[in-house]
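Here are some questions a bench biochemist might put to a model of this kind, each answered by setting a value against its definition.

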Number of protein chains: 2
Amino acid sequence: MPPIKIILTEDHQILRDGIKALIASANITISGEASTGQELWKLLDKDLPDIILMDISLPDTSGIELTRLVTEKYPEIKVLILSMYTDESFINQAIKAGAKGYLHKNTTREEMLVAIDTVLSGNDFYSDNISKIILKNYIEKAKLNINEIDNPNEILSKREIEILKMFAEGFINKEIADRLFISIRTVESHKNHIMQKLNLKTQVELVKYAIRHNLINI
Amino acid sequence: MPPIKIILTEDHQILRDGIKALIASANITISGEASTGQELWKLLDKDLPDIILMDISLPDTSGIELTRLVTEKYPEIKVLILSMYTDESFINQAIKAGAKGYLHKNTTREEMLVAIDTVLSGNDFYSDNISKIILKNYIEKAKLNINEIDNPNEILSKREIEILKMFAEGFINKEIADRLFISIRTVESHKNHIMQKLNLKTQVELVKYAIRHNLINI
DNA sequence: CAAAATCTAAGTGTATCGCTTAGTGGCTTT
DNA sequence: AAAGCCACTAAGCGATACACTTAGATTTTG
């Protein structure tokens, strides 16, 4: 089996050297090093690696943007983000950009090797602390709604929920009226009652209420 | 230190006996057993436990609903869900209902003891496999938007995004106009352009678009 | 049975929608 | 330098929706 080819994209020499010393072995070759996005593209023109270890903060392009562009052009390359940031938005953006994994910079040699194996085999890898951040956010987001004692089914009537659902799904009043065989005026009345009961002021809040309470799928 | 008082709410005798045999010790007392919601309320009338181990599927009320009611009436009691279900929606509902932790029924004695300690000390506990499910869902949800080539920042201008954000946050046209020192007509124009570009037909779709693309927090 | 809630509908003034036209300023293409 | 494109600005206009009010009919609840 040929060694795994990895490109380091990281603007700090000392970090590149450290990583190289840590993971280079008979099985793993650091086939290139880039300190900017531009340098990375030059390396990719010559030879494609199996994995790119990508820092987020680079001098020219951001690592997130680079990840997006690289995975678009070379879907076979696995990008592993190696970042000092643990903000959820970065993690989220990285996933969206096509990263196959996310490691914090306080990761260990062992974890990095596991991450490399994991993404090479086609799976995603998110280190423990990153997973914890995602988990924590999930729980907090879910809890946000705990204090909303307002269970729609208790406050709103069946008809009102029916109309709220249709409205939030995107039907306009006329369409709702036609489908339910009632007057537009009645649909308006129901919506007014709903807004009064929920103390909402705009239709935008109405849509968001429906989404928060899982009345519709977004 | 007095022993930890735990009530088992679980409709299968054999499971209750198994759990009891597993965790009862000098430190942990099973202070009561309920096979239905009704029985649980009777137990709570007599004596309050530190922890309730709660099954989701019960004959009368669902464990989720029971959790909601119990944590509302007795916030000091920690409810630990012990379920055979690993659907994300159950987990999510459990968190919303006020559960302090969620264990799968294939959990180990050790994990259950850790969970009990964790929730007693005021923290949340979600077992490894439950965490993995949440994580997997998070990543999949984040990835859903990858293939949506429509990155708002590429399609919409800065001004358009600014207005879309404000609209989706709940500002009405007049408020947006006032805040940006432009005419209400201009705000309308921008919104029209946005809807044309995104091929959206209603303002409801506009709000949902903004939410899907993380332009606003719901 | 009486009271309350729900479903239905309409009136009214204001706001927004959805479409069209249009002027100005900045940038790129030829 | 001229032409073309796009972003931002603004307005006209008919149709629709909003937000509030009143109100009758029916069903549910106490």
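Q: How do you know by what turn and shift chain B can be laid on chain A?
A: In this predicted model, superposing chain B on chain A takes a turn of 180° and a shift of 0.3 Å along the axis, with an RMSD of 1.1 Å. The two copies are therefore related as by a two-fold rotation axis.

Q: What makes one say that the copies meet through the same surface?
A: Of the interface residues of chain B, 97% are also interface residues in chain A, so the same surface serves both copies.

Q: What makes the approach of A:Ser189 to a base nitrogen of DNA strand C a polar contact?
A: A polar contact is a pair of N or O atoms within 3.5 Å, and an N or O atom in the side chain of A:Ser189 is 2.7 Å from a base nitrogen of DNA strand C; the pair therefore meets the definition. By that cut-off B:Asn192 also qualifies, because one of its polar side-chain atoms lies 3.2 Å from a base nitrogen of DNA strand C. For A:Arg159, the partner of the side-chain N or O atom is a phosphate oxygen of DNA strand C, at 2.7 Å.

Q: Which element gives the most to the surface near DNA strand C?
A: H10(A) does, with six residues, while helix H9 (173–180) and helix H10 (184–198) of chain B are among the elements that give two or more.

Q: How do the residues of that surface near DNA strand C divide by character?
A: They comprise four nonpolar, nine polar and six charged residues.

Technical notes. Residues are numbered from 1 along each chain as its sequence is written. Chains are lettered from A and ligands numbered from 1 in the order in which they are written. This is a predicted model: local features need pLDDT of at least 70, side-chain atom pairs count only at pLDDT 80 or more; totals for chains, interfaces and linings use all residues. Side-chain values use heavy atoms; hydrogens and water are left out. A polar contact is a pair of N or O atoms within 3.5 Å; within protein, one must be able to donate a hydrogen and the other to accept it, and residues adjacent in sequence count only if both atoms are side-chain atoms. Helices (H or I, at least four residues) and strands (E, at least two) are DSSP runs, numbered from the N terminus. Ala, Val, Leu, Ile, Met, Phe, Trp, Tyr, Cys and Pro count as nonpolar, Asp, Glu, Lys and Arg as charged, and the others, Gly among them, as polar. Copies are superposed by least squares on the C-alpha atoms of residues with pLDDT of at least 70 in both. Contact means heavy atoms within 4.5 Å.
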